[in-house]
Amino acid sequence: LNNYLWLAEEYDPNDPERVLIYVESARSLASTGWAVVFAPNVSSDGRAALQSLLDHRQKQAGARFKVFEYVQEQSVDQFLNPEGAPLGPVDPKKVPYYVLVLGDPQNISLRFQYELGAEYAFGRIWFRTVEEYKQYAASVVRAETSPPARPQRMTFFGVANEDDRATQRTCEDLVVPLSK
């Protein structure tokens, strides 16, 4: 992505030049949006466990924050059409670019996931307990709002086999210079 994302401001199938109109920073949820899609079997306790994350994302995305309810056996086209979003370039005013699906593959199919992932930045979480959802939400919010507790460091590792010139060169010409 290189920190940029092509988004469609307006989609007109009769005018292909109007499809990709502007570029926004991919890191700005206020530009790209963020959505959650709840599977039909997600309990109210499960939803409540994610509230800290939803509140955090709503602050970041503002008007481009959305909550969706998935309908069993719904296709991606059926999911996008009620919102007026076309298949193709993402229009974050209709459906946000970043989409988190909450639910198991029996309630939101892997096919739906893959088809949505062709155009949208898609992720799925599915935990067995409400406590796991709560821990997940708290850890994401904490990671994004608190400075790291440990100093940042990096470890370089390379294998140099005695009788293998390729691994020796990789170690000498790549790993050692990178570590310096």
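**Close-up views of a predicted model**

**Figure 1. Cys171, a buried residue of helix 7.** With a relative accessible area of 17%, Cys171 counts as buried, because the cut-off for buried is under 20%. Please keep in mind that this is a predicted model. Cys171 sits in helix 7, which spans residues 165–179. Which residues does Cys171 contact, once its neighbours within four places in sequence are set aside? They are Gly158, Val159, Ala160, Val176 and Pro177. For one of these partners the backbone separation can be given too: the C-alpha atoms of Cys171 and Val159 are 6.5 Å apart, with their positions 12 residues apart along the chain.

**Figure 2. The protein chain as a whole, for orientation.** Before the next close-ups, here is the wider setting. The protein chain contains 7 helices and 6 strands. Read from the N terminus, these elements follow the order β-β-α-β-α-α-β-α-β-α-β-α-α. Of the 180 residues in the protein chain, 36% are buried. The exposed surface of the protein chain comes to about 11,500 Å², and 50% of that is supplied by carbon and sulfur atoms. Take the contacts in the protein chain between residues at least 6 apart in sequence: 59% of them join residues at least 24 apart.

**Figure 3. An open parallel sheet in the order 4-3-5-6.** Four strands build this open sheet, and their pairing is parallel. Which strands form the edges? Strand 4 and strand 6 (121–125) do, each pairing on one side only. On average, and ignoring direction, neighbouring strands of the sheet are turned by 20° against each other. Strand pairing of this kind works through backbone hydrogen bonds.

**Figure 4. Strand 5 between its two partners.** On one side, strand 5 runs parallel to strand 3, and 5 bridges join the two. Two of the residue pairs are easy to pick out: Val36 has Leu100 of strand 5 as its bridge partner, and Phe38 is matched with Leu102, also in strand 5. Strand 5 is joined to strand 6 by 5 bridges as well, again in parallel. In that pairing, Tyr98 has Ala121 of strand 6 as its bridge partner. To get from strand 5 to strand 6, the chain passes through helix 5 (residues 110–117), and this β-α-β crossover is right-handed. Is strand 5 mostly covered or mostly open? Mostly covered, since 4 of its 5 residues are buried.

**Figure 5. The buried side of helix 3.** Helix 3 covers residues 51–61, and its buried residues are Leu53, Leu54, His56, Arg57 and Ala61. Why do these residues lie on the same side of helix 3? Because they cover an arc of only 160° around the axis. As a reminder, an α-helix has 3.6 residues a turn, so residues three or four places apart point the same way. The cover over the buried residues of helix 3 includes helix 1 (29–32), strand 3 (34–38), strand 4 (65–69), strand 5 (98–102) and helix 6 (130–145). After helix 3 comes Gly62, with a positive phi near 60°.

**Figure 6. Helix 3 against the sheet.** This view returns to the pairing of strand 3 with strand 5, which run parallel and are joined by 5 bridges. Helix 3 packs on the sheet and touches strand 3, strand 4 and strand 5. The direction of helix 3 makes about 145° with that of strand 3.

**Figure 7. Tyr70 and Glu73 in the loop between strand 4 and helix 4.** Tyr70 is placed in this loop, which leads to helix 4 (76–80). At 5% relative accessibility, Tyr70 counts as buried. Where does Tyr70 make its contacts, leaving aside neighbours within four places in sequence? Its partners are Val37, Phe38, Ala39, Pro40, Asn107, Ile108, Ser109 and Phe112. Tyr70 and Ala39 lie 31 residues apart along the chain, and their C-alpha atoms are separated by 5.3 Å. Glu73 is found in the loop between strand 4 and helix 4 as well. Is Glu73 buried or exposed? With a relative accessible area of 68%, Glu73 is exposed. The backbone of Glu73 also deserves a look: its phi is positive, about 70°, although Glu73 is not a glycine. For context, most residues other than glycine have a negative phi.

Conventions. Residues are numbered from 1 along each chain as its sequence is written. This is a predicted model: local features need pLDDT of at least 70, side-chain atom pairs count only at pLDDT 80 or more; totals for chains, interfaces and linings use all residues. Side-chain values use heavy atoms; hydrogens and water are left out. Buried means under 20% relative accessible area, exposed over 50%, partly exposed in between (1.4 Å probe, protein chains only). The arc is that of the directions from the helix axis to the C-beta atoms. Contact means heavy atoms within 4.5 Å. Two strands pair if DSSP finds at least two bridges between them. Axes are lines fitted to C-alpha atoms, for helices over the stretch in contact, and angles run from 0 to 180 degrees between N-to-C directions. A crossover is right-handed if, with the strands pointing away from the viewer, the path from the first strand over the helix to the second runs clockwise. Accessible areas come from the Shrake-Rupley method with a 1.4 Å probe; for residues, only the protein chains shown count as cover.
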